[in-house]
Amino acid sequence: MEDVQTRHTNPLVVDAGSGNAYLGFVVYELFLKDAAGGELLSIEGRPDLTERAKGRAERLHFDRMRFQTAHIDAAEYPERIHVLMALHACDTATDDALVAAIKHGADHVAVVPCCQAEVAAQLKEKKAKPAGSMSLLFQHPWHRREFGSHLTNVIRALTLEAYGYQVTVTELTGWEHSLKNELILGRRVHRDNRRARLQLQALLAETGVQPRLTRLLGITPAGAAGGGAEESSTTALELAPEPTPDAEPTPDAAPAAPSES
């Protein structure tokens, strides 16, 4: 937040899958309440939660908080997002949030995923047919759930790297507070990263999975039809529009590293 407030006069923060918008209220109180500019957009699919949060913002006079009732993949986003955060957006909803961040050139991304079930289901349905002994990693249901969850977040981190983000994966809080605790932070420093893209495509090919995030972005496994690196690189440039001159990090003025606190 300090980085985007330094580089932008009116930064836009998106809280995707905001629920009761508690996270958004905390961010607004800490960073936007006394600032000259900046807005926070909360996106939530349940109308009752949206109305409740909207009423709370009115009582607190948080005039630059906006609310939209929509699912993350169907929301109307502004052309440019500076920070996107998603706390416990369930299963593939986190993928929808990441797609929104990538498409709208977010400078910073912070997501705490939960309930990663899609990849585990692909492993169970034997859509994924990894070679060698890798299938032993998810032979039992418990291992399949844990391995699928881990693989999902590895793919998410690699996808962000492929689209030019410097990624940090750490803990949000102590395990005694929440088991849904993996925090993925991304700071955009390049337009894309060819090496990370090739690693991602290789991982998809080796594990045989194709999660929603990579499907939406058109990233295919290595060796698949249309899965060449050059085509994927073109897709990256099309999906991540050129930021405005004052927003694009430069080698001499790169964004500050995200906090892990």
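**Figure 1. Thr94, a buried residue of helix α4.** In this predicted model, Thr94 is buried, its relative accessible area being 0%. The residue belongs to helix α4, which covers residues 93–103. The side chain of Thr94 comes to 2.7 Å from the backbone oxygen of Ala89. Ala89 is also among the contacts of Thr94 that remain once neighbours within four places in sequence are left aside. The others in that list are Val111, Pro113 and Arg156.

**Figure 2. The open sheet and its strand order.** Seven strands make up an open sheet with mixed pairing. Read across the sheet, the order is β3-β2-β1-β4-β5-β7-β6. The edges are formed by β3 (65–69) and β6 (165–171), each of which pairs on one side only. From one strand to the next, the twist averages 15 degrees.

**Figure 3. Pairing of β2 with β3.** Strand β2 takes in residues 39–44 and pairs with β3 in the parallel sense. Five bridges join the two strands. In one of the pairs, Ile43 has Gln68 of β3 as its bridge partner.

**Figure 4. Helices α2 and α6 against the sheet.** Helix α2, residues 22–32, lies across four strands: β1 (12–16), β2, β3 and β4 (83–90). The angle between α2 and β2 is about 175 degrees. Helix α6, residues 141–162, packs on the sheet as well. The strands touched by α6 are β5 (108–114), β6 and β7 (182–188). The direction of α6 makes about 150 degrees with that of β6.

**Figure 5. Helix α7 from start to end.** Helix α7 is built from 14 residues, 194–207. From its first C-alpha to its last it reaches 20 Å, close to the 20 Å expected at 1.5 Å a residue. At the start of α7, a side-chain oxygen of Asn193 comes to within 3.1 Å of the backbone nitrogen of Arg195. Just after the helix, Gly208 has a positive phi of about 80 degrees.

**Figure 6. The buried face of α7.** The buried residues of α7 are Ala196, Arg197, Leu200, Gln201, Leu203, Leu204 and Thr207. Viewed down the helix axis, these residues fall within an arc of 160 degrees, so they line one face of α7.

**Figure 7. The surroundings of Leu204.** Leu204 is part of helix α7. It counts as buried because its relative accessibility is 0%, where the limit for buried is under 20%. Leaving out residues up to four places away in sequence, Leu204 touches Ile155, Val209, Gln210, Pro211, Thr214, Ile219, Thr220 and Pro221. Of these contacts, Ile155 lies 49 residues from Leu204 along the chain, with 8.3 Å between the two C-alpha atoms.

**Figure 8. Arg212 and its acidic contacts.** Arg212 lies in helix α8, which covers residues 212–217. Residues up to four places away in sequence aside, Arg212 touches Asp73, Thr92, Asp95, Asp96 and Glu118. With the side chain of Asp96, the side chain of Arg212 makes a polar contact at 2.7 Å. Glu118 is 94 residues from Arg212 in sequence, while their C-alpha atoms are 8.1 Å apart in space.

Technical notes
Residues are numbered from 1 along each chain as its sequence is written. This is a predicted model: local features need pLDDT of at least 70, side-chain atom pairs count only at pLDDT 80 or more; totals for chains, interfaces and linings use all residues. Side-chain values use heavy atoms; hydrogens and water are left out. The expected span of a helix is 1.5 Å times one less than its number of residues. Buried means under 20% relative accessible area, exposed over 50%, partly exposed in between (1.4 Å probe, protein chains only). The arc is that of the directions from the helix axis to the C-beta atoms. A polar contact is a pair of N or O atoms within 3.5 Å; within protein, one must be able to donate a hydrogen and the other to accept it, and residues adjacent in sequence count only if both atoms are side-chain atoms. Contact means heavy atoms within 4.5 Å. Two strands pair if DSSP finds at least two bridges between them. Axes are lines fitted to C-alpha atoms, for helices over the stretch in contact, and angles run from 0 to 180 degrees between N-to-C directions.
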